[in-house]
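Visitor: Could you walk me through this structure, one question at a time?
Guide: Gladly! Have a look first, and then we can start.

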Amino acid sequence: MSIKRIAILGSTGSIGTQALEVVSHHPNLFSVEVLTAQQNADLLVEQARKFRPKEVVIGNEALHSKVSEALSPLGIKVYKGDAAIADLAGQCEADMVLTALVGYAGLLPTVRAIEAGKHIALANKETMVVAGELIARMALEHQVSIYPVDSEHSAIYQCLIGENERDVDKIILTASGGPFRGKSREFLSTVTKAQALKHPNWSMGAKITIDSATLMNKGLEVIEARWLFGVMPAQIDVVVHPQSIIHSMVQFQDGSIKAQLGLPDMRLPIQYALHFPGRLSSNFPRFNFLDYPTFTFEKPDTETFPCLRIAYESLEKGGNRPCVINAANEVAVAAFLRDEISFLEIPELIEKITGKIDYIQNPTLSDYVQTDTETRAKALELVNNRKCWM
């Protein structure tokens, strides 16, 4: 069996580090061609010394000399800047590109990789949120497979293996409910970022953890599912499943339902995506039904957590509207993490900004880029003039 060459974009983040853990357990199956990071130069250097990629990129250009000096004796080429990450995604010799970048930053590298005919292991849901219709069309045109790494979308992907997609009645995305499930708006009005960053089940990066707390993460997953699996918005349901054991389900036209279960461990969907269509043995902890004698399900509370409603509305509107809410959400979450706005002001800011950006029904890639830039600028303006919209 030939070794699969992997490029990991965002190697120092939660998904990237776990992907390298998978690679380290299967050195006869995978090699690392490219590693990229935005800020964590020390960890990037440590990873490069261990996995010996041909090329690395540090997004923060001020850190380039530090990384270059550390890795030049090993013959590893070191590049700098976000443009280099996108360029290398298309130009490297990898067979598969794992896009584990956070937020909108994943879009252009994914586009370049698809244009180069490289298969994608997609851990960056924002790529499909911002430009899902374009990405789906490009993947078909370039005969590129997109293997979802999100636990929910990986579950759906696995449930659809061997099925006729025309037989799908609906997709059922499960949500943990986050750290504030069942809480009131009064409670949420005083929550801190420390509270919001304590997810009950998953260990994730700061941005996605806050998105989980607001239910925006589930809203973004709804949009992603629309384009990954070619279903209509009305065919995508969300159900809160606090145990996080059923990762998602598919209901078929005959009424039967297939579900994928497992302990909340991101190494499982990462490994599945990297080695598809085969399954690798692992020593990961096993799920035992006796440890979870009860599964519970709830309807999501979109009044207390309006971000899920906002995401559905943007998907129905289509065009560049999902791009707008994604950019506004990234600005709002960053502001919350800087203690500049409150938890409840995250959805308020997102809704406030949607009416300020021109709607484009059939956007091009350049339209998406312009929409993202304009939305961020206006959202930051609102953050800086918070008293004007409170």
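Visitor: In which helix does Glu221 lie?
Guide: Happy to start there, with the reminder that this is a predicted model. The helix that holds Glu221 spans residues 216-228. Its name is α11.

Visitor: Is Glu221 buried or exposed?
Guide: A residue counts as buried under 20% relative accessible area. Glu221 has a relative accessible area of 2%, so Glu221 is buried.

Visitor: Which side chain makes a polar contact with the side chain of Glu221?
Guide: Both residues appear in a UniProt "binding site" feature, from an unreviewed entry. The two side chains come to 2.6 Å in this polar contact, and the partner is Lys218.

Visitor: Ser176 is in that UniProt feature too. Which backbone nitrogen does its side chain reach?
Guide: Ser176 sits in the loop between β8 (168-175) and α8 (185-188). With 10% relative accessibility, Ser176 counts as buried. Beyond four places in sequence, Ser176 touches residues including His199 and Ser212. At 3.0 Å, its side chain reaches the backbone nitrogen of Gly178.

Visitor: Now the open sheet: which strands stand at its edges?
Guide: The sheet has seven strands, paired in parallel, in the order β4-β3-β2-β1-β5-β6-β7. An edge strand here has a single partner, so one side of it is left without a neighbour in the sheet; that applies to β4 (77-80) and β7 (146-148).

Visitor: And which helix lies across β1, β2, β5, β6 and β7?
Guide: This helix covers residues 267-275. The angle between the helix and β1 is about 135°, and the helix is α12.

Note on methods
Residues numbered from 1 in each chain as written. Predicted model: local features only at pLDDT ≥ 70, side-chain atom pairs only at ≥ 80, totals over all residues. Heavy atoms only, no water. Pairing = 2+ DSSP bridges. Helix = DSSP H or I, 4+ residues; strand = E, 2+ residues; numbered from the N terminus. Contact = heavy atoms within 4.5 Å. Axes fitted to C-alpha atoms, helices over the stretch in contact; angles between N-to-C directions. UniProt positions renumbered as here; feature names shortened; annotations may be inferred. Buried < 20%, exposed > 50% of the residue type's maximum accessible area, 1.4 Å probe, protein only. Polar contact = N/O pair within 3.5 Å; in protein donor to acceptor, adjacent residues only side chain to side chain.
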